[in-house]
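Please open the structure in your viewer and keep a selection panel at hand. The stops below go from the whole chain to single residues, and each one says what to select and what is there.

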Amino acid sequence: MLETSRWASDPTSVPSIERPTAALRDLHAVLRELATGFPPGVLVGLTVRSGDEIGIRAWSSPRAKLAEEAQLISETAPNRLALRDESAVTVADLDAEIRWSECRAQLRLLGLRSLHCRKVAGANGRVAVLALYADRPNVFADLGGALNPACREIAAMLDGGQ
């Protein structure tokens, strides 16, 4: 069973990341809208790092929130790699992947097979990871610029804009 951090149940409690309620609703709306642009079964989540604090900030559905939790509670996970080193991490098939065993097992319990994590940086130093999850393998092989508008909007929100 997945554990749930206090950040997932109460996103306003994340230290160092103070957002008005309207901005939180906007983030959720951006992710829900982004999810509708993909085939059915695609989930979207957003994890934000501010200083040493990492917290889940928005999700497109309750299942997306659980997927974000699976990555957050694991010591190693694709979104943590994107936060630290990579600008994007794509896992075409979780069944064929050999890294991130704990995270991978939790995501598979949720019925997920592939994911894509993309770093989004605000000018103020806040960094987020936009994560896409799918029920099928090889869904995110060719994203092209599909995420660019959402990434720009998220970056603006990280900087304090609406």
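The tour begins with the whole chain, continues with the sheet and its helices, and ends in the nonpolar cores.

**The whole chain.** Select everything and colour by secondary structure, bearing in mind that this is a predicted model. The protein has 6 helices and 5 strands, and these follow one another along the sequence in the pattern α-α-β-β-α-α-β-α-β-β-α. Of its 162 residues, 51% count as buried, while the exposed area amounts to about 7,600 Å², with carbon and sulfur atoms supplying 50% of it. If you list the contacts between residues at least 6 apart in sequence, 64% of them join residues at least 24 apart.

**The sheet.** Now show the strands alone: the 5 strands form an open sheet in the order S2-S1-S5-S4-S3, with antiparallel pairing. At its edges you will find strand S2 (53-59) and strand S3 (88-91), each of which pairs on one side only. Direction ignored, neighbouring strands of this sheet are turned by 20° against each other on average.

**Strand S4 and its partners.** Select residues 114-121, which make up strand S4 and pair with S3 in the antiparallel sense over 4 bridges. Two positions are worth labelling along this pair: Ala88 has Arg118 as its bridge partner in S4, and Thr90 stands opposite His116. On the S5 side, 8 bridges join S4 to S5, again in an antiparallel arrangement, and here Leu115 stands opposite Tyr133. Follow the chain from S4 into S5 and you pass through a hairpin with 5 residues between the strands, where Gly125 in the turn has a positive phi of about 95°. Is S4 enclosed or open to the outside? Because 6 of its 8 residues are buried, S4 is largely enclosed by the rest of the structure.

**Helices on the sheet.** Add residues 62-73, helix H3, which packs on the sheet and touches S1, S2, S4 and S5, its direction making about 165° with that of S2. A distance check between the end C-alpha atoms of H3 gives 16 Å, which agrees with the 16 Å that its 12 residues should span at 1.5 Å a residue. Colouring H3 by accessibility shows several buried residues, including Ala64, Ala67, Ala70 and Leu72, and the buried set also holds Glu68, Glu69 and Gln71. Next add residues 148-158, helix H6, which lies across S1, S4 and S5 and runs at about 45° to S4.

**The nonpolar cores.** In soluble globular proteins, nonpolar side chains tend to be buried together. Select Leu107, Leu112, Leu115 and Tyr133, which touch the most other members among the 26 residues of the largest nonpolar core. S2, H3, helix H4 (78-84), S3, helix H5 (101-109), S4 and S5 each supply at least two residues of this core. Which residues does Leu112 contact, leaving aside its neighbours within four places in sequence? Its contacts are Leu43, Arg63, Ala67, Leu94, Leu107, Tyr133, Ala134 and Asp135. A last selection takes you to a second, separate core of 25 residues, which includes Leu27, Ala128, Leu130 and Leu143.

How values were computed. Residues are numbered from 1 along each chain as its sequence is written. This is a predicted model: local features need pLDDT of at least 70, side-chain atom pairs count only at pLDDT 80 or more; totals for chains, interfaces and linings use all residues. Side-chain values use heavy atoms; hydrogens and water are left out. Buried means under 20% relative accessible area, exposed over 50%, partly exposed in between (1.4 Å probe, protein chains only). Contact means heavy atoms within 4.5 Å. Accessible areas come from the Shrake-Rupley method with a 1.4 Å probe; for residues, only the protein chains shown count as cover. Two strands pair if DSSP finds at least two bridges between them. Axes are lines fitted to C-alpha atoms, for helices over the stretch in contact, and angles run from 0 to 180 degrees between N-to-C directions. A nonpolar core is a set of buried Ala, Val, Leu, Ile, Met, Phe, Trp, Tyr and Cys residues joined through side-chain atoms within 4.5 Å. The expected span of a helix is 1.5 Å times one less than its number of residues.
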